[in-house]
Amino acid sequence: RLCFLLSTLELFVRWVKEGLYDFNSLPMALKVHLTEEDSTLLEQLPKRFPRTSSQLLMELKELSDVLLHIESHLIKEVNKQAQKPLTELLQTLNLISDADRLPDLIPNTVLVCHYVNFRMILRRMTSIGE
C-alpha cells in the first residue's frame, strides 16, 4: 500500500510540475497528444524564428495570452472545431493577422484538439526564456 501511495504521489508531483494540473478542468477533446513530428517542429521554433530571442519570447507570451483569452470559446466549440487548425481558428476570430510571423511557423496539423499540449510547449519555451 505504501508503494502505491508513493507512486501516486510521484505521479501527482510530475502532473503539477509539467503543468497538467492547470488544464484539469478542460474537456478531454482538447487534450489530444501532438504527433512526434509536430512536437519536434514546435520545440525547434526558436531556431526557425527569424528575429531575436527576446522578440520570440514576447510573441510566445502574447500567443499564450490570446489562447488563454479564448479558452472558454474553445470549451464551448470543441466538438464542432476540434479538427480545425489552431492558427486558422485564431485568424477566423481576428486574433492574429497575416502579418504575424509566428503563426507561419506553427504547423497546420496543430489542431484545436491539441490545445493543451500546445499550451504546455509554449509554457516550456517561455519559462526557459525568462
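**Exercise 1.** In this predicted model, determine how many nonpolar, polar and charged residues form the lining of the largest cavity.

*Solution.* Step 1: list the lining. The largest cavity is lined by L63, L86, T87, L90, I96, P103, I106 and F118. Step 2: sort these residues by class. Seven are nonpolar, one is polar and none is charged. Step 3: identify the main contributor. Helix α6, residues 86–92, gives the most to this lining, with three residues. Step 4: state the volume. The largest cavity holds about 40 Å³ of space, and the structure has one cavity of 30 Å³ or more.

**Exercise 2.** Establish which residues of helix α4 are buried and which are exposed on the other side.

*Solution.* Step 1: describe the helix. Helix α4 runs over residues 53–69, and its 17 residues reach 24 Å from first C-alpha to last, close to the 24 Å expected at 1.5 Å a residue. Step 2: collect the buried residues of α4, which are L56, L57, E59, L60, L63, S64 and L67. Step 3: locate them around the axis. Because these residues cover an arc of only 165°, they lie on the same side of α4. Step 4: turn to the other side, where S54, D65, L68 and H69 are exposed. Step 5: recall a general rule. An α-helix has 3.6 residues a turn, so residues three or four places apart point the same way.

**Exercise 3.** Classify C3 as buried or exposed, do likewise for C113, and state how many disulfides the structure has.

*Solution.* Step 1: C3 counts as exposed because its relative accessibility is 58%, over the 50% cut-off. Step 2: C113 counts as buried because its relative accessibility is 3%, under the 20% cut-off. Step 3: a search of the whole structure finds zero disulfides.

Note on methods:
Residues are numbered from 1 along each chain as its sequence is written. This is a predicted model: local features need pLDDT of at least 70, side-chain atom pairs count only at pLDDT 80 or more; totals for chains, interfaces and linings use all residues. Side-chain values use heavy atoms; hydrogens and water are left out. On a 1 Å grid over the protein atoms alone, a cavity is a set of points where a 1.4 Å probe fits but cannot get out, and a pocket is an open set with protein on both sides within 12 Å along at least five of seven lines; lining residues have an atom within 4 Å of a point. Grid points are joined across faces, edges and corners, and a volume is the space filled by probe spheres set on the points. Helices (H or I, at least four residues) and strands (E, at least two) are DSSP runs, numbered from the N terminus. Ala, Val, Leu, Ile, Met, Phe, Trp, Tyr, Cys and Pro count as nonpolar, Asp, Glu, Lys and Arg as charged, and the others, Gly among them, as polar. The expected span of a helix is 1.5 Å times one less than its number of residues. Buried means under 20% relative accessible area, exposed over 50%, partly exposed in between (1.4 Å probe, protein chains only). The arc is that of the directions from the helix axis to the C-beta atoms. A disulfide is a pair of cysteine sulfur atoms within 2.5 Å.
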